[in-house]
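Me: Before going through the terms one by one, I would like to see the sequence and the model.

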Amino acid sequence: MSDSSEQKKLLLHVCCAVCASYPVLQLQEMGYEVILYFYNPNIYPIEEYQRRLNELKKLAERYNIRLIIEETGYDYWLNLVKGLENEPEKGNRCRVCFKERLSKAAVKATEENCEYFTTTLTVSPHKNSKQIFEAAKEVCNNIQNPPEFLEIDFKKKDGYKKTSNFADKYGFYRQKHCGCEFSIRK
Ligand code: SF4
């Protein structure tokens, strides 16, 4: 790893502890000083939200890295996706959902003097990384002097497998649905 004086600061938007478990180490290996950022108002119900957040707090403690938590509430998020409730996963509701989370991450990265930001959302084999990268591009086009978004598909090069192994090793809770109420499979 590089000397800390040379490290570049990166804000990592994190959806849950499982998905962060390997990407954090990977980014540190690449020489980044990582700050965790939890902003996921899409998660339903509140018990599930708390559970994922608590797991992430455990990860932050274990890896000894800073965690920033941002909250706007589920009702705020519901309002953003109004009219898109029946969209399938990977459809327009997800595009709005990604954009919301990444736009707050970009703003926070700037506030924290991070030159870079990225997200653990690409770990999931159920998500289309191209759709996430496009959402990030739109976000960056809409703000002045945005931080650079790193287009890393964390599931690639065995990333998903390695992430699963780390999550199992540390016993992190694995959720059964993506986040919102519309993603709960009957
Ligand atoms: S399925 Fe997942 S990504 Fe799509 S809108 Fe729901 S929580 Fe967001």
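The questions below ask how certain terms come to be applied to this structure.

Reply: This is a predicted model, in which local features need pLDDT of at least 70 and side-chain atom pairs count only at pLDDT 80 or more, while totals for chains, interfaces and linings use all residues. Residues are numbered from 1 along each chain as its sequence is written.

Me: What makes the protein chain as compact as a globular protein of its length?

Reply: The elements of the protein chain run β-α-α-β-α-β-α-α-β-α-β-α from the N terminus, where helices (H or I, at least four residues) and strands (E, at least two) are DSSP runs numbered from that end. The radius of gyration, taken over C-alpha atoms, is 16 Å, close to the 16 Å that the globule rule gives for 186 residues, so the chain is as compact as a globular protein of that length; the rule itself is 2.2 Å times the number of residues to the power 0.38.

Me: Why is Lys90 called exposed or buried?

Reply: A residue is buried if 20 or more other C-beta atoms, placed from the backbone, lie within 10 Å of its own, exposed if 12 or fewer, and partly exposed in between. Lys90 has 12 C-beta neighbours inside 10 Å and therefore counts as exposed; Lys90 lies in the loop between α4 and α5, and its phi is near 80°, a positive value in a residue other than glycine.

Me: What makes Asn145 exposed?

Reply: Asn145 has 6 other C-beta atoms within 10 Å, so Asn145 is exposed, and this residue is found in the loop between α6 and β5.

Me: How do you know on which side of α3 the buried residues lie?

Reply: In α3, Arg52, Glu55, Leu56, Leu59 and Ala60 are buried. They cover an arc of only 145° around the axis, which puts them on the same side of α3, the arc being that of the directions from the helix axis to the C-beta atoms. The face turned away from the buried side carries the exposed residues Ile46, Glu47, Gln50, Asn54 and Glu61.

Me: What is the span of α3 set against?

Reply: The expected span of a helix is 1.5 Å times one less than its number of residues. Helix α3 has 18 residues and reaches 26 Å from its first C-alpha to its last, close to the 26 Å expected.
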